[in-house]
Amino acid sequence: MHTNRPRAISPALRAAIPPTLPILAGFVFLGITCGIYSVSLGLPWWTPTLMACLIFAGSAEFVVASMLVGPFAPLQAFVTVFIVNARHLFYGLSMLERFRGLGRKRPYLIFAQCDETFSINYSTHPPAGVDEGWFMFFVSLLNQLYWVVGCTLGGVLGSVAALNVAGVDFAMTALLVVIFLDQWTKDPSHASAVVGILASLVALALFGPDGFMIPALALILAAITVLRSHLEPVYDACGSESMTSASDTCKSGPVAPASDTCENEPVASTPDAAGAHHGGDAR
Amino acid sequence: MTSTQIILTILAAAAATVLTRALPFFAFPADRPAPRYIRYLGNALPGATFGLLVVYCLRSVDVLTGSHGIPEALGILVAGGLYLWRKNMLVAIFASTALYMVLVNLVFV
């Protein structure tokens, strides 16, 4: 492990635990579901574990499991999974600056950037004094650990016990609703969020739940590109040197004065970000 | 499929996943600034992306049959309302999930 700053590791691990707790709930139960599903198709018990370690992308793993019981077609699996996961291209574009200069942690951060890990790493900054690189590294690692444990449990349990845990996976929906609202309050323009919802609903209505992601992504990209002349000045007005600090710097919230945070690296967490995401005193 | 074929297929799927996650970093290396358009996308896409992910979570909800999406709507109202009120992510997520579980297991059976 990269140990140029050994003292940074343990506080970063401790800071990474609270924001990933909702993921723990969601991933363990969704992982169990994925594991049970895979084994119920007739696949060996280790298949869900191997997928969780190497692929680490929930919806893609369900698709791959269903392909593993068909004829051997690795190229088809490659193309299908690329299309299913095409949305990850957006995550990379949004994290280009944040992952800069993170050395040996960078390859793993890129490898492990699933929906939930991106959501946490993008929206959460560690408390002051905690190394952001290590914080994001442990958020990623903990999330993958939860997923591997869930998938393995599901694979081992198989169809032995039908656990009545219907509804736990709503934690994922709730998490994304909260992150969406958080982004809404920070974003200097709400146009992007409105475009995201509308384009997705239009694509869902036209293409149905199994095929709407790619059309939705294309619609969003087109709309955001068309709106560039209106939106770019808004983002530029925040004086964002790096593109990711913009969402933090331009918040209209009362706690973080924009002039202060605009000049700092994202590492300097805003007080409300720390309070919102590390609220250990949850009542 | 044999075990070897299963492993090879999983490796192909893993390679495709890594490609979707790493492509932007190869296309725009860290040692020079990304083009203006790409930087603009990095600023403007997250809002839309989170909207897309919310819709993605709800893609299978059918408002015409079954429970008509009422448990999902109530769960989202509680999650959003609690978050805006208390500014506490964990409270909002756990309270709304608990409510949702009660609704789907006990009320809308």
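This report describes a predicted model of two protein chains, A and B, and the contact between them.

## Chain A

Chain A is built from helices. The model shows 15 helices and 0 strands in this chain. The chain has 283 residues, and 55% of them are buried.

Many contacts in chain A span long stretches of sequence. Take the contacts between residues at least 6 apart: 75% of them join residues at least 24 apart. The exposed surface of chain A comes to about 11,400 Å². Carbon and sulfur atoms supply 68% of that surface.

## A residue in chain A: Ser200

A:S200 sits in helix α10 of chain A, which covers residues 191–211. Is A:S200 buried or exposed? A:S200 has a relative accessible area of 0%, so it counts as buried, the cut-off being under 20%.

Its neighbors come from both chains. Leaving out residues up to four places away in sequence, A:S200 touches A:V195, A:F212, A:A216 and A:I220 in chain A. From chain B, A:S200 touches B:L52 and B:V55.

## Chain B

Chain B also has helices and no strands: the counts are 4 and 0. Read from the N terminus, its elements run α-α-α-α. The chain has 109 residues, and 46% of them count as buried.

Now take the contacts in chain B with a separation of 6 or more. Residues 24 or more positions apart account for 32% of these. Chain B exposes about 5,000 Å², with 70% supplied by carbon and sulfur atoms.

## Two loop residues in chain B

B:G66 and B:N88 both lie in loops of chain B. B:G66 is in the loop between α2 and α3, while B:N88 is in the loop between α3 and α4. B:G66 has a relative accessible area of 67%, so it counts as exposed, the cut-off being over 50%. B:N88 is buried, because its relative accessible area is 9%, under the 20% limit.

Each loop residue can be placed against another residue. The C-alpha atoms of B:G66 and B:V109 are 9.3 Å apart in space, and the two residues are 43 apart in sequence. For B:N88, a polar atom of the side chain lies 3.2 Å from the backbone nitrogen of B:V91.

## Where the chains meet

How many residues does each chain bring to the contact? Chain A brings 105 residues and chain B brings 75. Together the chains bury about 7,900 Å², and carbon and sulfur atoms give 74% of this area. On the chain B side, B:R21, B:F25 and B:F50 stand out. They supply 11% of the area that chain B buries against chain A, more than any other three residues.

Charged and polar pairs also cross the interface. There are 3 salt bridges between the chains. One of the salt bridges at hand pairs B:R36 with A:E232, whose closest N and O atoms are 3.5 Å apart. The interface also has 13 residue pairs in polar contact, both residues at pLDDT 80 or more. On chain B, the elements giving two or more residues to the side that touches chain A are α1 (3–27), α2 (36–57), α3 (70–86) and α4 (89–107). The residues on that side divide into 51 nonpolar, 16 polar and 8 charged.

Conventions:
Residues are numbered from 1 along each chain as its sequence is written. Chains are lettered from A and ligands numbered from 1 in the order in which they are written. Side-chain values use heavy atoms; hydrogens and water are left out. Buried means under 20% relative accessible area, exposed over 50%, partly exposed in between (1.4 Å probe, protein chains only). Contact means heavy atoms within 4.5 Å. Accessible areas come from the Shrake-Rupley method with a 1.4 Å probe; for residues, only the protein chains shown count as cover. Buried area is the accessible area (1.4 Å probe) that two parts lose on being put together, summed over both. A salt bridge is a side-chain nitrogen of Lys or Arg within 4 Å of a carboxyl oxygen of Asp or Glu. A polar contact is a pair of N or O atoms within 3.5 Å; within protein, one must be able to donate a hydrogen and the other to accept it, and residues adjacent in sequence count only if both atoms are side-chain atoms. Ala, Val, Leu, Ile, Met, Phe, Trp, Tyr, Cys and Pro count as nonpolar, Asp, Glu, Lys and Arg as charged, and the others, Gly among them, as polar.
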